[in-house]
Amino acid sequence: MKLQLALDTCNTEEALQIVREVESFIDIVEIGTPMIMHYGMEPVQKVSEQYPDMRIIADLKIMDAGEFEADIAFNAGASIVSVMGITHNETIRGAVKSARKANGKVLADMMCVVNLEERAKELVELGVDYICVHTAHDVQGTQSPFASLAKVQDSVGSERCAIAGGLNKESVHRVLEYSPEIIIVGNGITGQENKSQAAKQIKDLLQG
Ligand SMILES: O=C(CO)[C@H](O)[C@H](O)COP(=O)(O)O
């Protein structure tokens, strides 16, 4: 299981500092959607330049213009780009085409998808590499991603699965009954005073 650090609310300098603090405990750095809205591709570029061996996901949550938008992130140094699983198949195909040109990967965010099992299968057939069950920031008070993970894992297999949405060192043990390929943690690390300790605790839990 890989630990993905989600950076959503910091600036580029802060992002580089956080990655420095936690790099030995994480496998993937996510430049989150709010950061991209604020700073464009600068953080993708800078983190990928300074950490050439780290996988970087640009969480673009692409909804349209799949190939064009994914190209922007891959050209900036991303190794994975996210698309919305609910969008048109044409958009998904475009993002997958872009990823293949760049030797990168595509993660589909399943927020708002109702028919999870069926859509996850279709997305994999369209060439998507990872299916991410995700409890949106705005509904984390009332929802959790675990039931969705069970469904998607049954449908496409654990090696394709990612999970996100409010995970932290208290809740991450619930992931252990499944074995998704990628566990995404944002505030559960970045919101902690000792980020390195939080990342280590989560990584240790995941490694058993
Ligand atoms: O994509 C996101 C929000 O849309 C976040 O990056 C993702 O939910 C992880 O952050 P957190 O662990 O803080 O929920």
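Which residues are around the ligand? In this predicted model, the ligand is surrounded by Ala-6, Asp-8, Glu-30, Asp-59, Lys-61, His-134, Gln-140, Gly-165, Gly-166, Val-185, Gly-186 and Asn-187. Several of these residues approach the ligand through polar atoms. In the case of Asp-59, a polar side-chain atom is found 3.2 Å from a ligand oxygen atom. For Gly-186, a polar backbone atom is 2.8 Å from an oxygen atom of the ligand, and for Asn-187 the corresponding distance, again from a polar backbone atom to a ligand oxygen atom, is 2.9 Å. On its own, the ligand has 360 Å² of accessible area, of which the protein covers 87%.

The confidence of the prediction was examined for the protein and for the complex. The average pLDDT of the protein is 97, and 100% of the residues score at least 70. For the complex, the predictor gives an ipTM of 0.98 and a pTM of 0.98.

With regard to annotation, an unreviewed UniProt entry lists residues 2-202 under "domain: Orotidine 5'-phosphate decarboxylase". In the model, this span consists of 42% helix and 20% strand. The C-alpha atoms at the two ends of residues 2-202 are separated by 11 Å.

Two residues, one in a strand and one in a helix, were then considered individually. Gln-4 belongs to strand β1, which comprises residues 2-7. Is this residue buried or exposed? Gln-4 counts as buried because its relative accessibility is 1%, whereas the cut-off for burial is under 20%. Apart from neighbours within four places in sequence, the contacts of Gln-4 are Ile-28, Glu-30, Ile-57, Ile-182, Ile-183, Ile-184 and Val-185. Among these contacts of Gln-4 are Glu-30 and Val-185, which also appear among the residues around the ligand.

Ala-120 is located in helix α6, formed by residues 116-125. This residue likewise counts as buried, because its relative accessibility is 0%. When neighbours within four places in sequence are set aside, Ala-120 is in contact with Met-110, Ile-131, Val-152, Ser-155 and Val-156. The position of Ala-120 may also be described relative to Met-35: the two residues are 85 residues apart in sequence, and their C-alpha atoms are 27 Å apart in space.

Terms used: Residues are numbered from 1 along each chain as its sequence is written. This is a predicted model: local features need pLDDT of at least 70, side-chain atom pairs count only at pLDDT 80 or more; totals for chains, interfaces and linings use all residues. Side-chain values use heavy atoms; hydrogens and water are left out. UniProt positions are given in the numbering used here, feature names are shortened, and annotations may be inferred rather than shown by experiment. Helices (H or I, at least four residues) and strands (E, at least two) are DSSP runs, numbered from the N terminus. Buried means under 20% relative accessible area, exposed over 50%, partly exposed in between (1.4 Å probe, protein chains only). Contact means heavy atoms within 4.5 Å. A residue is near a molecule or strand if one of its heavy atoms lies within 4 Å of it. A polar contact is a pair of N or O atoms within 3.5 Å; within protein, one must be able to donate a hydrogen and the other to accept it, and residues adjacent in sequence count only if both atoms are side-chain atoms. Accessible areas come from the Shrake-Rupley method with a 1.4 Å probe; for residues, only the protein chains shown count as cover. pLDDT is the predictor's confidence in each residue, from 0 to 100.
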